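Visitor: I'd like a close look at one part of this protein, the place where two neighbouring helices meet. Could you walk me through it, and then show me a few spots elsewhere?

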Amino acid sequence: MTAVKTTGDVVAPSWRGGFGRLWSAAVVSRFGDALRTTALPLLAVQLTDDPLVIASVTACSYVPWLLFGLLGGAVADRVDQRRAMWAVDTVRGLLVAAFALAVALGHASIPLLLALAFLLTTLQTLFDNASTALLPSLVDREALGGANARLMTGQQLAGGLLAGPVVPLLLGAGAFLPFAADAATYLLAAALVASLRIRPPEREPRPTGSTLRAEIGEGLRALWHDRVLRSVCLGTLLCNIGMGALIATLVLHVTRWLDAGDAEFAAAMTVYAVGSLAGGFLAQRIARRTGRARALLLGGAVQTASLLLMGTVRHLGALLVGMLLLGVMNMVWNVNQVTLMQRRSPESMVGRISAAFRTASTSGAPLGALLGGAVAGAYGLNAPALLAALLFAAAVVSLIPAGNADVPVGAPREGPASAHVTH
């Protein structure tokens, strides 16, 4: 593991030691994911006018976290994380390639969209937990904040700023092209991860008779007994319900409520990505001034105001400003939330605690997606943005206990030495 000292006693990760290759794989894969996730709702709108059915496509991309998220974390702590990641990406590449072929042949349908979203996220439950657990093996613990910021900023640069404007061009040339490109990026990312040469983290031998169920329980207890992570997890759950409602219906918000077109929808996603890039540069600076938990409080408050603007002002300019601010503070939230979780988790349990955190917080996304579709149909296409604002405000309130018991950014270790210490 390597890290480089920079000004202000901030530790930044070295591009050597495997981090640069992991960063490249993440950025390449995110570019393809952005092509697919932007194209899917546009394809769904061509197949149905029902807001609830369109929202169901988004919901299906979250449900596997409820079913398999905890299992994915326990497996990630048992296996070679590098091998798990490249194997999963290879399978996902083949699945998306098959879907692209189906679209090219004119066989696209809502059930097929639902199946693709479900299968990709099922595999993602192992990939994401393995990736979170692998990063501390590549960079020093003190450099995790900088590493997460660089990873997420690079992903937003490729996935939002670069991929967003490309989607309308690809769709104009052929509806299958965004998915074919996504398949290629999965396979390239798999090759990059497979080429990593790192020593797997040392793990204590599992007790005789230890089961996946028991190990999952250890991860859940570790999350519950850490007051800071517990509060952050609840706040993230509420935010995910709100974001699920917004994202699932955003294409309707843009194309129907604002009476704009596909290009304006892509522009909104691009502006969000630009904001995320700025947030990637600001995340560490804000955390140094406020502490990581209070950075989350600030992010939640600004996102609440952004959503209110989007839901009340019927103008494309208001949407773009709201999406810009939402992107900035969402990145500030993500960098500090993930870093808090990594630094407060024992190395042998990062995968399980990550899985417990993700499963608990992500469980709100499918509910939010379905709720957003129902609210849009009943109260208007701007209602999901207002619902999201209300939920983000509740998240800010839930984070107050974590903010009052904040942890300095420069602490050598921001968490318990064991899973059973109550904070």
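Guide: Sure! One term before we start: contact here means heavy atoms within 4.5 Å. Also keep in mind that this is a predicted model.

Let's go to helix 9, which covers residues 212-225, and helix 10, which covers residues 227-257. Their axes are 5 Å apart, and the two helices pack at an angle of about 95°. Angles of 65 to 115 degrees count as roughly perpendicular, so helix 9 is roughly perpendicular to helix 10.

Who does the touching? From helix 9 come Leu 223, Trp 224 and His 225. Across from them, helix 10 brings in Arg 227, Leu 229, Arg 230 and Cys 233. Sort the residues of this contact by class and you get four nonpolar, one polar and two charged.

Stay with Cys 233 for a moment. Its relative accessible area is 8%, and buried means under 20%, so Cys 233 counts as buried. Cys 239 gets the buried label too, because its relative accessibility is 6%, again under 20%. You might wonder about sulfur links: how many disulfides does the count give? The count comes to zero.

Now hop over to helix 12, residues 292-312, where you'll find Arg 292. Is Arg 292 buried or exposed? With a relative accessible area of 2%, Arg 292 is buried. Its side chain has a partner: a polar contact of 2.8 Å joins it to the side chain of Asn 336.

Asn 336 turns up again when you look at Ala 295, which is in helix 12 as well. Leaving aside residues up to four places away in sequence, Ala 295 touches Ile 286, Ala 287, Thr 290, Val 332 and Asn 336. The relative accessible area of Ala 295 is 0%, so this residue is buried. Look at Ala 283 too: 12 residues separate it from Ala 295 along the chain, and their C-alpha atoms are 7.9 Å apart.

Last stop: Gly 72, in helix 3, which runs over residues 63-78. Gly 72 counts as buried, at 6% relative accessibility. Among residues beyond four places away in sequence, Gly 72 touches Thr 125, Leu 126 and Asn 129. Then try finding Ser 354: along the chain, Gly 72 and Ser 354 are 282 residues apart, yet 9.8 Å separates their C-alpha atoms.

How values were computed:
Residues are numbered from 1 along each chain as its sequence is written. This is a predicted model: local features need pLDDT of at least 70, side-chain atom pairs count only at pLDDT 80 or more; totals for chains, interfaces and linings use all residues. Side-chain values use heavy atoms; hydrogens and water are left out. Helices (H or I, at least four residues) and strands (E, at least two) are DSSP runs, numbered from the N terminus. Buried means under 20% relative accessible area, exposed over 50%, partly exposed in between (1.4 Å probe, protein chains only). A polar contact is a pair of N or O atoms within 3.5 Å; within protein, one must be able to donate a hydrogen and the other to accept it, and residues adjacent in sequence count only if both atoms are side-chain atoms. Axes are lines fitted to C-alpha atoms, for helices over the stretch in contact, and angles run from 0 to 180 degrees between N-to-C directions. Angles under 35 degrees count as roughly parallel, over 145 as roughly antiparallel, 65 to 115 as roughly perpendicular and the rest as oblique. Ala, Val, Leu, Ile, Met, Phe, Trp, Tyr, Cys and Pro count as nonpolar, Asp, Glu, Lys and Arg as charged, and the others, Gly among them, as polar. A disulfide is a pair of cysteine sulfur atoms within 2.5 Å.
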